[in-house]
There are 2 protein chains.
Amino acid sequence: MSIDTLGLREQKKRETRQAISDHATQLFLQRGFDRTTIADIAGAARVAKMTVTNYFPRKEDLALDHHEAFVAGLAEAVARRPPGESALGAVRRAYAQALEQRDPVIGFTGRDFARMIADSPTLVARLRDLHEQREEALARLLTTEIDRTGEASDETGRTGETDPTDATGRSSGTGGTPPEDNVGGEAGGGVIVARAVAAQLAAADRLLFRELQRRTLAGQDDDEIAGALAETARRVFDLLEPAISTYAVRRPA
Amino acid sequence: MSIDTLGLREQKKRETRQAISDHATQLFLQRGFDRTTIADIAGAARVAKMTVTNYFPRKEDLALDHHEAFVAGLAEAVARRPPGESALGAVRRAYAQALEQRDPVIGFTGRDFARMIADSPTLVARLRDLHEQREEALARLLTTEIDRTGEASDETGRTGETDPTDATGRSSGTGGTPPEDNVGGEAGGGVIVARAVAAQLAAADRLLFRELQRRTLAGQDDDEIAGALAETARRVFDLLEPAISTYAVRRPA
DNA sequence: ACAGATTTTTAGGTCCGTCCTAGATTTAGG
DNA sequence: CCTAAATCTAGGACGGACCTAAAAATCTGT
């Protein structure tokens, strides 16, 4: 459990994982995702097939690694908003910043990588899954903020009837919590608004991701894309402004 | 090619297809989707495995049949709106009507069916895919309406710079049109607004579907669900109202 | 430094969905 | 009735996901 020395075992695990990931990426970009088998990757990395599966349970995980940051990103941007900023404002600002940084999280993946994804139905489906988890994480955050801060904006007015028994997220698309959370019955009025706001913000996020991906596939360079997407983002977020600009405004400390 | 007599061959095809679908549904509800093999279904329907695959290329198609109506539904509701009604108004009205009719399209599938879907990651993913196609169909419609009617509402103002070269939809998630549509480059400003509106309406649609599914899984009966969802829908659509209530209002004929 | 405990890797195999092929069967239309 | 077309069948190939037992490597306590 030593922290600084890391241990030889842990070190080798990282090396093995990295080696597998590297060879996989190379083969995917070279031959395409579906035309590369796990056996190919295992052979290139000189490990057993089972070792590949061990590190990356699903084949898609080899191409879409670091998905945890992606899933949490949207919610974290909102969680870190300064006093006076709304959820929409936080998302808008985070997107502009990611645009400046050419952040892969919003779609700056490079042309070959974008093509690899677009050419594989499996990867497209997995990306959809990740986007939904991204929305779920945001919905979870906004829902808990109702309880913690008595979130209630003016656009619906009657969130007073909220019975804040629930703050748990929904059962995930795949995994799932078999015993249905006790929310179910009648979720308080505020919960549905939080979910609706999360749905709208996530929809904007997905739309912008797709636009960026489209331009990447069309061969535009990153600077050109960043410029165009800044304007696109402005329009998309402006459209949401009258609906949710007063939702989840962080109260001045 | 006779229309009224249908032909013996066509008749038998329908019977075979129906028999396979019926046996599949029964087995799925009984044992669950993932614990039922195609061989089981073929055996129950007394046909060869290949015949099952022949009628239903993917296993998911056996559980989520009639997906064409589902995919087209949202766009058709908007396409059929009367003069003076906006896209949002059309979707809201269509949803209320579907709620009255206990329409399976919005999630009235029965408890066992809902559980079958929720228990299978494969089916959940496929359902997501269908929802996205539903959004794409709507986006396609709203985009074409820009060209046809010079759609330009007041919320963005500057849709005048639209260069209506494009009306085609995006390449579908799975299938796809390999040669990128020539839109790509710089889509006119109106196109992105149309896509954003479609994204918001589809997000609301998905959210309401999930809420209905959640209640179904919780064991609520259809009347109880319909009542609660009517209120939920009102809140969700009300939230969108200030953003897009003036978008795509059909001009009085 | 060594022995036992723990973790990781390996090799083998099973199961199932998807895809392919060739041949048998059935229907449609002359 | 006979030919052409479509459909169904059987069998197998392939790949991804999963399982098991055993081998190899690393860690731990003495």
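These notebook entries record what I looked up about helix packing and DNA contacts in this structure.

**Entry 1. Status of the model**

I note at the outset that the model is predicted.

**Entry 2. Helices α1 and α2 of chain A**

I began with helix α1 of chain A, residues 8-31, and helix α2 of chain A, residues 38-45. Their axes come within 9 Å and cross at roughly 125°. That angle makes α1(A) oblique to α2(A). I recorded the crossing of α1(A) and α2(A) as right-handed. I then listed the residues of this contact. From α1(A) they are A:A19, A:I20, A:H23, A:A24, A:L27, A:F28 and A:R31. From α2(A) they are A:D40, A:I41, A:A44 and A:A45. By class, I found eight nonpolar, one polar and two charged residues in the contact of α1(A) with α2(A).

**Entry 3. Helices α6 and α9 of chain A**

I turned next to helix α6 of chain A, residues 87-100, and helix α9 of chain A, residues 189-217. The two pack at an angle of about 20°, and their axes are 11 Å apart. Angles under 35 degrees count as roughly parallel, and α6(A) and α9(A) are therefore roughly parallel to each other. Their crossing is right-handed. On the α6(A) side I noted A:A87, A:L88, A:V91, A:Y95 and A:L99. These meet A:L201, A:L208 and A:L212 in α9(A). I sorted the residues of the contact of α6(A) with α9(A) by class and obtained eight nonpolar, no polar and no charged.

**Entry 4. Helices α7 and α9 of chain B**

In chain B I looked up helix α7, residues 111-118, against helix α9, residues 189-217. The axes come within 9 Å and cross at roughly 115°. That makes α7(B) roughly perpendicular to α9(B). The crossing of α7(B) past α9(B) is left-handed. The residues that α7(B) brings to the contact are B:R111, B:A114, B:R115, B:I117 and B:A118. Those of α9(B) are B:Q213, B:T216 and B:L217. I counted four nonpolar, two polar and two charged residues in the contact of α7(B) with α9(B).

**Entry 5. Protein surface near DNA strand D**

I then examined DNA strand D, which 19 residues surround. The closest are A:L8, A:R9, A:K59, B:T51 and B:Y55. I asked which helices each supply at least two residues of this surface. They are α1 and α4 (59-63) of chain A, together with α1 (8-31) and α3 (49-55) of chain B. The helix that gives the most is α3(B), with four residues. By class, I recorded seven nonpolar, five polar and seven charged residues in the surface near DNA strand D.

**Entry 6. Backbone and base contacts of DNA strand D**

I checked which parts of DNA strand D lie within 4 Å of the protein. Of those atoms, 71% belong to sugar or phosphate, and the rest belong to bases. I then looked up distances from phosphate oxygens of DNA strand D to residues of chain B. One such oxygen is 2.4 Å from an N or O atom in the side chain of B:T51. For B:Y55, an N or O atom in the side chain is 2.5 Å from a phosphate oxygen of the strand. At B:A48 the partner is a polar backbone atom, 3.0 Å from a phosphate oxygen of DNA strand D.

How values were computed
Residues numbered from 1 in each chain as written. Chains lettered and ligands numbered in written order. Predicted model: local features only at pLDDT ≥ 70, side-chain atom pairs only at ≥ 80, totals over all residues. Heavy atoms only, no water. Axes fitted to C-alpha atoms, helices over the stretch in contact; angles between N-to-C directions. Parallel < 35°, antiparallel > 145°, perpendicular 65-115°, else oblique. Left-handed = near helix turned anticlockwise from the far one by under 90°. Contact = heavy atoms within 4.5 Å. Nonpolar A, V, L, I, M, F, W, Y, C, P; charged D, E, K, R; others polar. Near = heavy atom within 4 Å. Polar contact = N/O pair within 3.5 Å; in protein donor to acceptor, adjacent residues only side chain to side chain.
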